[in-house]
Amino acid sequence: MKVLANDGISKAGELALKEAGIEVLDNRVAQEHVINFINDNNVDVLLVRSATKVRQDLIDACPSLKIVGRGGIGMDNIDVEYAIEKGLYVINTPNASSRSVAELVFAHFFSLARFLHESNRMMPLEGDTHFNAMKKSFSNAYELSGKTLGVIGFGGIGQEVVKIGISLGMNVKVLTRKPKTKTLSLSFFDGQTVDFEITSMNDMESFLKDTDFISINTPKTKEYIIDTEQFDMMKEGVYIVNTARGGVINEVTLLDYIDYGRVAGAALDVFESEPAPELILLMNPNLSLTPHLGGNTIDAQEKIGVELAEQIIEIKKKL
């Protein structure tokens, strides 16, 4: 069996595959050449992240393919249903990067609540001339403890966001299409665990009206989850972080509500026009921005590689 990990795989994942007698090709192939490379090298497994697209034309043109894998959660760059119809196994790693994404959510929350995103821009420019003025302007900050955290989505990432919120002493509520109850366990350094039973709600207005910090953690959606109607329901001075997908929040409307003062600040890790975000977003001092870094930690990549390898090894036994 041959594996093309076209967007990369961790050393741990690669080692696990090789120990199982599976060949891992050390190549990175441009999208327009992927089909020819797969056919020329009789590739059985194509592993991707967000860069390489696996559409119907590739699936039809590559009869040697048996498995398509996505290192991460979202599968919008793979025609999943079509691949399954054609008899391919389609795998992903829904939990491997959840903690990394959740920690980025709070990195942004802390940055927004303490003006770190703006301070880091301004200190190199004016730190030697306007130090006291900046100290005063950035002092209207907030602690997260005691504030209300609203989490949209209750999958692996949403659950990790909730757990971090609880550990910080935040009041937590969750929004889903249908109410659901989950028991979340917080583990501590000394071996203790504490369980929390969390039940989500499906009433957007009740969810938004007194929420101080909002984290969006949903799959890709066809329509905006957050638009004018939802912004109007929000508490004045709310902070919002989107690490889900571009297109779940109306970015133009977001800027309007930042200007109105309804939204105190927002963070975007994903963008509607990714990978070329609008300049008006990039230049806004009330936004904390990252280039789709949610699951990009060494820890997450190690876990992703190992999870993919384990699934491939199991499928190989069936073939």
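# Exercises on a predicted model

The count of salt bridges comes to twelve. The structure is a predicted model. The exercises below treat some of these pairs and then turn to other features.

## Exercise 1: a pair within one helix

Find the salt-bridge partner of Glu14 and state how the two residues are placed in helix α1.

Solution.
- Step 1. The partner of Glu14 is Lys18, with the closest N and O atoms 2.8 Å apart.
- Step 2. A salt bridge requires the nitrogen to be within 4 Å of the carboxyl oxygen, and the pair Glu14 and Lys18 is at 2.8 Å.
- Step 3. Helix α1 covers residues 11–19, and because Glu14 and Lys18 are four residues apart in it, about one helical turn separates them.
- Step 4. Buried means under 20% relative accessible area. Glu14 has 15% relative accessibility, so Glu14 counts as buried. Lys18, at 46%, counts as partly exposed.

## Exercise 2: a pair between two loops

Which residue forms a salt bridge with Asp79, and where in the chain do the two side chains come from?

Solution.
- Step 1. Asp79 meets Arg55 in a salt bridge, at 3.1 Å from N to O.
- Step 2. This pair links distant parts of the chain, as the two residues are 24 residues apart. Asp79 belongs to the loop between β4 and α4 (80–85), and Arg55 belongs to the loop between β3 and α3 (56–61).
- Step 3. Asp79 has a relative accessible area of 21% and is partly exposed. Arg55 is partly exposed as well, at 29%.

## Exercise 3: a network

Name the residues linked with Arg99 in a network of salt bridges, and describe the pair that Arg99 forms with Glu103.

Solution.
- Step 1. The network links Arg99, Glu103, Glu160 and Lys163.
- Step 2. Within it, the side chains of Glu103 and Arg99 meet at 3.3 Å, N to O.
- Step 3. Both residues of this pair lie in helix α5 (residues 98–113), four residues apart, about one turn of the helix.
- Step 4. Glu103 is partly exposed at 45%, and Arg99 is partly exposed at 34%.

## Exercise 4: the nonpolar cores

How many residues does the largest nonpolar core have, and which helices and strands supply at least two residues each?

Solution.
- Step 1. The largest nonpolar core has 26 residues. Ile216, Phe231, Ile240, Leu254 and Val263 have the most contacts inside it.
- Step 2. At least two residues of this core come from each of α9 (204–208), β10 (213–216), β11 (238–242), α11 (251–260) and β12 (263–268).
- Step 3. Helix α11 gives the most to this core, namely four residues.
- Step 4. Take Val263 as an example. Apart from neighbours within four places in sequence, Val263 is in contact with Phe231, Val238, Ile240, Leu254, Tyr257 and Ile258.
- Step 5. A second, separate core has 25 residues, and these include Val161, Met170, Tyr239 and Ala267.

## Exercise 5: two paired strands

Are the faces of strand β4 covered or open, and how does β4 run relative to β3?

Solution.
- Step 1. In a regular strand the side chains alternate between the two faces of the sheet.
- Step 2. On one side of β4 (residues 67–70) are Ile67 and Gly69, and on the other are Val68 and Arg70.
- Step 3. These four residues are all buried, so both faces of β4 are covered, given that buried means under 20% relative accessible area.
- Step 4. Strands β3 (residues 45–48) and β4 run parallel and are joined by four bridges. One of the pairings is that of Leu47 with Gly69 in β4.

## Exercise 6: a nonpolar patch on the surface

Which residues make the nonpolar surface patch of about 430 Å², and where is Val194 found?

Solution.
- Step 1. The patch of about 430 Å² is made by Phe188, Phe189, Val194 and Phe196.
- Step 2. Val194 is found in strand β9, residues 193–199.
- Step 3. Val194 has 34% relative accessibility, so Val194 counts as partly exposed.

## Exercise 7: backbone details

Locate Pro275, Asn42 and Phe115, and state what is notable in the backbone at each.

Solution.
- Step 1. A cis peptide bond, with omega about 10 degrees, joins Glu274 and Pro275. Pro275 lies in the loop between β12 and α12 (279–282).
- Step 2. Asn42 has a positive phi near 50 degrees, in a residue other than glycine. Asn42 lies in the loop between α2 (34–41) and β3.
- Step 3. Phe115 also has a positive phi, near 60 degrees. Phe115 is found in the loop between α5 and α6 (116–126), and at 17% relative accessibility Phe115 counts as buried.

Conventions:
Residues numbered from 1 in each chain as written. Predicted model: local features only at pLDDT ≥ 70, side-chain atom pairs only at ≥ 80, totals over all residues. Heavy atoms only, no water. Patch = residues over 30% accessible without salt bridge, like charges linked within 9 Å, V, L, I, M, F, W, Y side chains within 5 Å. Areas by Shrake-Rupley, 256 points an atom, 1.4 Å probe, with all protein chains shown as cover. Buried < 20%, exposed > 50% of the residue type's maximum accessible area, 1.4 Å probe, protein only. Core = buried A, V, L, I, M, F, W, Y, C linked by side-chain atoms within 4.5 Å. Contact = heavy atoms within 4.5 Å. Pairing = 2+ DSSP bridges.
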